[in-house]
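Here's a quick tour of one protein chain for someone just getting into structures. Take a look at the sequence and the model first, then read on.

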Amino acid sequence: MIEVGNRVFHMATKDFKKSANLGVFGERVELSLFDNAVKSAPIVKHLFTPTSLIQFQLILKKILKDPDAQPIKITSQPMNRELKVREFKSSVTVGRDEEKCIYFELVGEKHKDPVRVYLNTDNSYMIQDMELPLRSLTEAGCQAIIDFIPSLGLAAISAYGNR
């Protein structure tokens, strides 16, 4: 079972200087970007509402299905009900690079330069004793994220119900 605080998927930039985690934070599904050189809070935090999470899943499916699809950006600025303010303004662009590898580009309120992480969520396996190319790894990572979105959403909703 996925619980609050779980980081289910881990992804990185090609140079491994920054990494992103997809998991559950409080009552939301979150995609957070970290600077690996600094142990601190995320430099970008994207929080999904239940509806925006479903929209994100649809975007992922479109990019996975069509290798020639144009990048699609989803922007978020969720309401903090307790403070009655909008916070964590951020955007995630899902696309494919020139080699058709799937990526997220994250931009935040304080980190305006886009950071690209590839959806290589697991490179610990081989098929027929061969390493997979990055395109295959990112397509498998994208499919895994699509498949886990319902579980992530349920974990976030459960956290809301437990408060």
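## The lay of the land

Starting at the N terminus, the elements come in the order β-β-β-β-α-β-β-β-β-β-β-α. That gives the chain 2 helices and 10 strands, where helices (H or I, at least four residues) and strands (E, at least two) are DSSP runs numbered from the N terminus. This is a predicted model, so local features need pLDDT of at least 70 and side-chain atom pairs count only at pLDDT 80 or more, while totals for chains, interfaces and linings use all residues. Residues are numbered from 1 along each chain as its sequence is written, and side-chain values use heavy atoms, with hydrogens and water left out.

**Overall shape and surface**

- The C-alpha trace spans about 50 × 35 × 30 Å along its principal axes.
- The chain's radius of gyration is 16 Å, which agrees with the value near 15 Å for a compact globule of 163 residues; the radius is taken over C-alpha atoms, and the globule rule is 2.2 Å times the number of residues to the power 0.38.
- Buried residues account for 43% of the 163 residues; buried means under 20% relative accessible area, exposed means over 50%, and partly exposed is in between (1.4 Å probe, protein chains only).
- About 9,400 Å² of the chain is exposed, and carbon and sulfur atoms supply 53% of that area; accessible areas come from the Shrake-Rupley method with a 1.4 Å probe, and for residues only the protein chains shown count as cover.
- Take the contacts between residues at least 6 apart in sequence: 42% of them join residues at least 24 apart, with contact meaning heavy atoms within 4.5 Å.

**Strand β9 and its neighbours**

- What makes β9 largely enclosed by the rest of the structure? The reason is that 6 of its 7 residues are buried.
- On one side, β9 pairs with strand β8 (residues 90–96) in the antiparallel sense over 7 bridges; two strands pair if DSSP finds at least two bridges between them.
- Within that pairing, Tyr103 in β9 is the bridge partner of Gly95.
- β8 and β9 make a hairpin with 5 residues between them, and Lys100 in the turn has a positive phi of about 70 degrees.
- β9 also runs antiparallel to β10, joined by 4 bridges, and these two form a hairpin with 6 residues between them.
- Tyr103 turns up again here, standing opposite Tyr118 in β10.

**Salt bridges**

- Side chains of opposite charge can pair when their charged atoms come close.
- How many salt bridges does a search of the whole structure find? The search finds 5, counting a side-chain nitrogen of Lys or Arg within 4 Å of a carboxyl oxygen of Asp or Glu.
- One of them joins Lys45 and Glu30, whose closest N and O atoms are 2.9 Å apart. This pair links distant parts of the chain, with Lys45 in strand β4 (residues 44–48), Glu30 in strand β3 (residues 28–35), and 15 residues from one to the other.
- Are the partners in that pair buried or exposed? Lys45 counts as buried because its relative accessibility is 13%, and Glu30 counts as buried at 6%.
- Glu105 and Arg116 also meet through their side chains, at 2.8 Å from N to O. Glu105 lies in strand β9 (residues 102–108) and Arg116 in strand β10 (residues 115–118), so this salt bridge ties together parts that are 11 residues apart in sequence.
- Arg116 is partly exposed, with 28% relative accessibility.
- In another salt bridge, the side chains of Arg135 and Glu139 come together at 3.0 Å, N to O. These two are 4 residues apart in helix α2 (residues 134–161), so about one helical turn separates them.
- Both ends of that bridge are partly exposed: Arg135 has a relative accessible area of 33%, and Glu139 has 23%. Shared partners join Arg96, Arg135 and Glu139 into one network of salt bridges.

**Positive phi angles in loops**

- Most residues other than glycine have a negative phi, and most peptide bonds are trans.
- Phe16 is not a glycine, yet its phi is positive, at about 60 degrees. Phe16 sits in the loop between β1 (7–12) and β2 (18–25), and it counts as exposed at 60% relative accessibility.
- Gln128 also has a positive phi, near 55 degrees, without being a glycine. You'll find Gln128 in the loop between β10 and α2, where it is exposed with a relative accessible area of 69%.
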